[in-house]
Amino acid sequence: HSLLGRRPLITQAITVGVLYTAGDIVAQQAVKFTSKDTTPSETQENSEPKMIEIERSLHLGAFGLLIDAPVLFQWYKWLDQKIPAKTKTAVAKKLLADQLLCTPIILGLFFPFLGVLKGYSVDQIKENIYRDFVPTVIADIVLWIPANFINFRYVPSQYR
């Protein structure tokens, strides 16, 4: 039996934590290499290139490991019990439920979790939520509705 079959939550949590960490490192590199804006210190001959913010990546990995994976593990189990079919109508219902019920919970945990890890005050966390919540929801919709359409329609439940 595979580890995923024997310990699905732990396996998925570790996988998500690693993917979040690695994904953030890749994203930082992509921004670094595609950014047109350079600060004067980055253009000087003696300056070091901007380094990867490993602490940021580890914070995101911790969120994936400790919050996102366990919440989504239970959410997908519940959603599949309530809407077990893979028809287009069932998938549309799952997408709607995911965006209206689960996404606000995940994002409601995301900003405070990262803020606490960064040592932010409650006011700083609130400021980040007010500033970043709507743009994050928009990005979530653009990315996750198409991805979850494929996920809900074609990926077996045990692999989500």
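**An all-helix chain and its largest pocket**

Of the 160 residues in the chain, 29% are buried. The model discussed here is a predicted one, and a good way to get to know it is to start with the whole chain and then zoom in on single residues.

The architecture is easy to follow. The chain contains 6 helices and 0 strands, and reading along the sequence gives the pattern α-α-α-α-α-α. Along its principal axes, the C-alpha trace spans about 60 × 40 × 30 Å. How do contacts in the chain relate to distance along the sequence? Among contacts between residues at least 6 apart in sequence, 75% join residues that are at least 24 apart.

The surface comes next. About 10,800 Å² of the chain is exposed, and carbon and sulfur atoms supply 67% of this area. Charges can be followed too: the chain carries 17 positive and 14 negative charges, and the mean positions of these two groups lie 16 Å apart.

Space inside the fold deserves a look of its own. Rolling a probe the size of a water molecule over the atoms shows where empty space is left. In this model, the largest pocket holds about 1,300 Å³ of space. Which elements give two or more residues to the lining of this pocket? They are α2 (8-34), α4 (54-82), α5 (88-118) and α6 (122-154). The lining counts 45 residues in total, and those nearest the centre of the pocket are Y20, F63, D68, F110 and W144. Finding these five residues in the structure is a handy way to locate the middle of the pocket.

Two single residues help to show what burial and exposure look like. Q12 sits in helix α2. Is Q12 buried or exposed? Its relative accessibility is 13%, and because buried means under 20%, Q12 counts as buried. Leaving aside residues up to four places away in sequence, the residues touched by Q12 are L4, A69, F73, Q158 and R160. Of these partners, A69 and F73 fall within the range of helix α4 (54-82).

E55 offers a contrasting case. This residue belongs to helix α4, and its relative accessibility is 53%. Exposed means over 50%, so E55 counts as exposed. E55 can also be placed relative to F152: the two are 97 residues apart in sequence, and their C-alpha atoms are 33 Å apart in space.

Taken together, Q12 in helix α2 gives an example of a buried residue, while E55 in helix α4 gives an example of an exposed one.

Key:
Residues numbered from 1 in each chain as written. Predicted model: local features only at pLDDT ≥ 70, side-chain atom pairs only at ≥ 80, totals over all residues. Heavy atoms only, no water. Helix = DSSP H or I, 4+ residues; strand = E, 2+ residues; numbered from the N terminus. Buried < 20%, exposed > 50% of the residue type's maximum accessible area, 1.4 Å probe, protein only. Contact = heavy atoms within 4.5 Å. Areas by Shrake-Rupley, 256 points an atom, 1.4 Å probe, with all protein chains shown as cover. Lys, Arg positive; Asp, Glu negative; His and termini not counted. Charge placed at Lys NZ, Arg CZ, Asp CG, Glu CD. 1 Å grid on protein atoms, 1.4 Å probe; cavity = no way out; pocket = protein on both sides within 12 Å on 5 of 7 lines; lining within 4 Å. Points joined across faces, edges and corners; volume = space filled by probe spheres on them.
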